[in-house]
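Work through the following exercises with the sequence and the model at hand. Each task is followed by a solution in steps.

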Amino acid sequence: MGRAGILTNSTMVCAPLMARSVEQMVVDMQSAEAQGADAVEVRLDCIDSFQPSQDLETIIRNKPLPVIIVYRPRWEGGQYEGDEHTRLEALRLAHELGADYIDVELKVASDLVREVKSKHQTGGKVIVSSYLSGATPSKEDLRHLAASMQATKADIIKVVSNANDITELERIFHLLSHSEVPAVAYSLGERGLISQLLCPKFGGAFVYGAMEGNSIPGLPTLDSLREAYKVENINSDTKVFGLVSKPVSHSKGPILHNPAFRHANFNGIYVPMFVDDLKEFFEVYTSLDFAGYSVGFPYKEAVVQFCDEVHPLAKSIGAVNTIIRKPGDGKLIGYNTDCEGSIASIEDALKDQRYINGESLNSPLAGKQFVVVGAGGAGRAIAVGAKSRGASVIIFDIDLERAKSLAQVVSGEAHHFDSLAHFQPEKGAILANATPIGMHPSTDRIPVAEATLGNYQLVFDAVYTPRKTRLLEDADAAGAITVSGVEMFLKQAIGQFNLFTGREAPKEFMREIVLAKF
């Protein structure tokens with residue numbers, strides 16, 4: 001099925017439609033096609049005062065795309081509460097009128113599938129579905145479920161779970177890749193997002209995407225599927241990279257790394273991974289297909305213990321933001337690209353930096369007071385980088401012991417975060433915020449006293465959503481040079497690309513994306 005060319009996989013992009021009227025369903029089908037859908041799923045149970053004969057004819061006559069007709073009962077998570085005979089008659093009618101697919105629940109599938117197939121040897125296909133409550137079952141239980149669904153003579157089987165943890169999705173991927181008939185399998189909610197994005201890699205029949213203005217938890221948008229992820233290009237050989245973080249919804253990594261992969265003709269996909277338990281995550285996702293990770297808040301320090309090897313710079317920092325899985329033996333190697341990314345961004349803004357291989361050589365930071373707010377993973381990288389350039393580092397953190405630990409590494413001072421409100425920096429000092437303060441949606445906070453901003457020559461904020469934080473706005477008004485976290489994000493992402501692919505990053509291409517979309 002095509003959008004400008006032949007797809008490299010057979011997965012169809014499907015938009016679920018839940019309009020309250022038939023007229024709006026017809027409008028939404030047209031919109032879904034315009035936004036990149038290959039098919040639409042029409043939820044009859046959402047239509048007010050649904051009239052089967054009249055309304056189904058209208059829907060099917062006006063469909064611009066293949067249509068899946070769903071009439072979900074309350075007992076399977078839908079909205080229909082009426083007579084079961086009437087509901088099944090509507091599905092039979094949809095099949096007779098030429099629906100491309102009808103979706104039937106496993107509980108009632110056997111007789112209905114046999115009946116419609118005996119009446120119509122050709123025509124629409126039947127999807128047999130099962131919506132699971134609670135945690136995703138074991139691989140063995142899913143195998144038995146798939147076998148019972150296949151026994152109904154379904155053309156396609158569909159399993160939907162509600163994952164409590166991202167590790168459950170590995171069972172979903174296993175089901176997809178081992179199914180003997182075309183299959184749809186995914187999990188709902190933010191932790192289930194990659195079950196949609198990676199569906200084409202594991203052979204899924206449909207990947208679901210929400211239309212613009214119709215956000216659905218756990219579903220990517222049609223636009224992101226087509227533009228950021230370009231799911232039509234994903235195949236079984238695609239290498240998986242992702243951001244391991246909690247939360248992940250703020251990440252702009254996918255809209256940078258995925259186009260960069262394509263620009264370099266590298267078969268990879270970069271996805272957000274909402275991870276609750278690092279140990280369990282790395283124990284479950286051991287396949288070489290999961291080839292590398294970015295590591296975000298709050299895991300940059302904790303993840304070090306799960307690396308088989310750690311690069312010397314990352315070891316000295318005590319934090320890892322990039323992990324590569326070695327193709328040969330699968331060992332995890334930890335790196336840190338935050339350090340050079342942040343310090344280079346600051347030095348670029350101060351101009352005239354001169355350094356070779358990370359060693360201080362007339363760095364504009366040499367001899368300056370460098371105030372770091374936050375002693376977590378990002379803060380550690382910035383502090384170690386500042387120290388390497390000859391700066392005098394002062395660290396503030398809500399955990400004084402953590403601040404002291406970092407201060408010892410960089411031969412600096414440590415103070416509790418609460419004292420920052422009264423701290424008077426030297427004239428011409430550097431300030432670096434390495435906390436989430438100011439990140440969307442809590443954008444109205446700044447970590448320091450506004451009255452002190454005029455003393456800083458430069459203010460850097462590792463937060464990049466929004467691009468111009470309240471801290472940077474206030475610092476700019478006070479006359480300081482300001483550096484957005486976007487600059488650090490770009491530079492560390494270039495370092496990650498080099499590690500992920502083993503190739504030189506397309507720096508200018510990546511910068512153009514950042515300027516256009518961040």
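**Exercise 1.** In this predicted model, determine how far apart Glu401 and Lys404 are in helix α14, and how their side chains meet.

Solution. Step 1: Glu401 and Lys404 both belong to helix α14 (residues 400-410) and are three residues apart, so about one helical turn separates them. Step 2: their side chains form a salt bridge, with an N to O distance of 3.8 Å; the cut-off is 4 Å. Step 3: Glu401 has 53% relative accessibility and counts as exposed, whereas Lys404, at 41%, is partly exposed.

**Exercise 2.** Examine the salt bridge of Glu84 and Arg87 and decide whether each residue is buried or partly exposed.

Solution. Step 1: the N to O distance is 2.7 Å. Step 2: the two residues are three apart in helix α3, which means a separation of about one helical turn. Step 3: Arg87 has a relative accessibility of 0% and is therefore buried. Glu84, at 24%, is partly exposed, because the limit for buried is under 20%.

**Exercise 3.** Which parts of the chain does the salt bridge between Asp103 and Arg72 tie together?

Solution. Step 1: the closest N and O atoms of Asp103 and Arg72 are 3.2 Å apart. Step 2: Asp103 is in strand β4 (residues 101-105) and Arg72 in the loop between β3 and α3, so the bridge joins parts 31 residues apart in sequence. Step 3: both Asp103 and Arg72 are buried. Step 4: Asp103 and Arg72 belong to a salt-bridge network that also links Glu41, Glu84, Arg87, Glu105 and Lys158. The structure holds 36 salt bridges.

**Exercise 4.** Classify the aromatic pair of Phe173 and Phe202 and locate its two members.

Solution. Step 1: the ring centres are 4.5 Å apart and the planes differ by 15°, so the pair is stacked, the limit being under 30 degrees. Step 2: Phe173 lies in helix α6 (residues 169-178), and Phe202 lies in the loop between α7 (193-197) and β8 (206-208); the pair therefore ties together parts 29 residues apart in sequence. Step 3: Phe173 is buried at 3% relative accessibility, and Phe202 is buried at 14%.

**Exercise 5.** Describe the surroundings of Arg74.

Solution. Step 1: Arg74 lies in the loop between β3 (67-70) and α3 (84-97). Step 2: its relative accessibility is 48%, so Arg74 counts as partly exposed. Step 3: beyond neighbours within four places in sequence, Arg74 contacts Gln79, Tyr80 and Glu81. Step 4: the C-alpha atoms of Arg74 and Asp45 are 9.2 Å apart, with their positions 29 residues apart along the chain.

Definitions and conventions:
Residues numbered from 1 in each chain as written. Predicted model: local features only at pLDDT ≥ 70, side-chain atom pairs only at ≥ 80, totals over all residues. Heavy atoms only, no water. Helix = DSSP H or I, 4+ residues; strand = E, 2+ residues; numbered from the N terminus. Buried < 20%, exposed > 50% of the residue type's maximum accessible area, 1.4 Å probe, protein only. Contact = heavy atoms within 4.5 Å. Phe/Tyr/Trp six-rings, centres within 6.5 Å; stacked < 30°, edge-to-face > 60°.
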